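This report covers one protein chain, with attention to its charged and aromatic side chains. The sequence and the model are shown first.

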Amino acid sequence: MSTAQSFLFFLILLGVAATAMRLVSRTAPTVPYPVLLAAGGILIGLIPGLRLPPVGPDLILLAFVPGLVFEASLALDLEEVWRRIVPISLLGSIVAATDPIAVVSMLRRLGAPRGLEAILDGESLFNDGTGVAVFSAVLGTILTGHPSLTDAGLRFAFVTVAGVAIGLAAGSVAVLFLRLVKDAELEILTTLVAAYGSYLGADVIHASGVVSVVTAGVVVARYGSRTGRLQGTQLHGFWNLLAFVLNAVLFLIVGIALPAHRLLPLAGLALGAYGIMLAARAIPVYGLLGLVDPRGASIPWRWRHMTLWGGLRGALSVALALSVAAYPQVNPDVSVLAYAMVVLSLFVQGGLLLPVADLLRLRERAVK
């Protein structure tokens, strides 16, 4: 097959696999869909003799991340996020790219408290921005050959401030166009340009594209919440569908990205690192939230337990790790180790998500 035919076959294979996993998820409702997608990707990667076109980390970051991050920003319940802004801001200081897609979707089906959903969604967006900004700053100072804390700090400030500025500009321009247009097609096109344009603009000047997209998405969401124009329109339907497709394809690509046989030599190290990661998350979750609400009045303890358990890692972590695999200054096992930790996170925490939610009695919206 030609290169074009191989790529088309790859897309068809991903579509068939995503559809099959969706059907399987209906028969196994206790297992989140992204967990099944990751498992499907691993199984596809194990097929002997199957040669698929390589999908680089740059393509993952440029094609998938802006759409997913913008949709999450657009879908934020801004009033609830504002009510929970203190715990969200504190958890955002964890600086780890969490992926609550499976968690929040499952909690919504269970009828879990909206405040808990807002904390998980808001923390994820904050962590995506700060995590990627810190990653860029640290990588930049390492590649200079003379890494230093001062240099990393200055780089972090630049990528963050510049990302926010570009996001504000892109979001503001998008809002101006949304005020002028009167049909759904132009609203969709405007937000698409805002999402991917803000990411590209920040990426070109080596700022944080994720910070830029989050900022632009929040600006557009704020406009939508004030005017009511974007609620219940085709725009939200489009972004929901796009996010579903991007997630399905992305989780499969992540599963295929690194052959499973490369995980075995690092299995012990991956298990240890995963345990450390989970323990490290427990410290700020219980410690910082304990400072805000020591008695658990506004942030119940069961919310905190789910916040700990719901800190799944996803495709963004793998994409960032894959992006440094070619640098001689970085150990090549880093990408494999990151992939292993994401897989463990999805299988262990994601696979036990529903039993944990039942144990914590999160099926009712009893606490607001």
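Does Glu80 count as buried or exposed? At 6% relative accessibility, Glu80 counts as buried, where buried means under 20% relative accessible area, exposed means over 50% and partly exposed lies in between (1.4 Å probe, protein chains only).

The model is predicted: local features need pLDDT of at least 70 and side-chain atom pairs count only at pLDDT 80 or more, while totals for chains, interfaces and linings use all residues. Residues are numbered from 1 along each chain as its sequence is written, and side-chain values use heavy atoms, with hydrogens and water left out.

## Overall make-up

The protein has 17 helices and zero strands; helices (H or I, at least four residues) and strands (E, at least two) are DSSP runs, numbered from the N terminus. Of its 368 residues, 52% count as buried. About 17,000 Å² of the protein is exposed, and carbon and sulfur atoms supply 69% of that area; accessible areas come from the Shrake-Rupley method with a 1.4 Å probe, and for residues only the protein chains shown count as cover. Among contacts (heavy atoms within 4.5 Å) with a separation of 6 or more, 82% are between residues 24 or more positions apart.

## Salt bridges

The structure holds four salt bridges, each defined as a side-chain nitrogen of Lys or Arg within 4 Å of a carboxyl oxygen of Asp or Glu. The table gives three of the pairs, including two that involve Glu80.

| Pair | N to O distance |
|---|---|
| Arg83 and Glu80 | 3.2 Å |
| Arg84 and Glu80 | 3.1 Å |
| Arg304 and Asp293 | 3.7 Å |

The Arg304 and Asp293 pair links distant parts of the chain, eleven residues apart. Arg304 belongs to helix α14 (residues 301–309), whereas Asp293 is in the loop between α13 (267–292) and α14. Both partners are buried: Arg304 has a relative accessible area of 0% and Asp293 one of 6%.

In the other two listed bridges, shared partners join Glu80, Arg83 and Arg84 into one network. Glu80 is in helix α5 (residues 78–83). Arg83 is three residues from Glu80 in helix α5, so the two are separated by about one helical turn. The two arginines of the network have unlike surroundings: Arg83 is exposed, with a relative accessible area of 54%, whereas Arg84 is buried, at 6%. Apart from neighbours within four places in sequence, Glu80 is in contact with Arg114, Gly115 and Ala118.

## Aromatic pairs

How many aromatic pairs does the structure hold? There are three. Rings of Phe, Tyr and Trp (its six-membered ring) pair if their centres lie within 6.5 Å; planes under 30 degrees apart count as stacked, over 60 as edge-to-face and the rest as tilted.

The ring centres of Phe70 and Trp239 are 4.9 Å apart and the ring planes are at 40 degrees, so this pair is tilted. Phe70 lies in helix α4 (residues 65–74) and Trp239 in helix α12 (residues 234–257), so the pair ties together parts that are 169 residues apart in sequence. Phe70 is buried, with a relative accessible area of 0%, and Trp239 is buried as well, at 1%. Together with Phe238, Phe70 and Trp239 form one aromatic cluster.

Tyr286 and Trp301 make a stacked pair, 6.2 Å centre to centre with 25 degrees between the planes. Tyr286 is in helix α13 and Trp301 in helix α14, so the pair ties together parts that are 15 residues apart in sequence. Tyr286 is partly exposed, with a relative accessible area of 25%, and Trp301 also counts as partly exposed, at 41%.

Trp301 has a charged partner too: the charged end of Arg304 sits over the Trp301 ring, 4.3 Å from its centre. A charge sits over a ring if NZ of Lys or CZ of Arg is within 6 Å of the ring centre and within 35 degrees of the ring normal. Arg304 thus takes part in this arrangement and in the salt bridge with Asp293.

## Helix α4

The helix that carries Phe70 is mostly covered, with nine of its ten residues buried. The buried residues of α4 are Val65, Pro66, Gly67, Leu68, Val69, Phe70, Glu71, Ser73 and Leu74.
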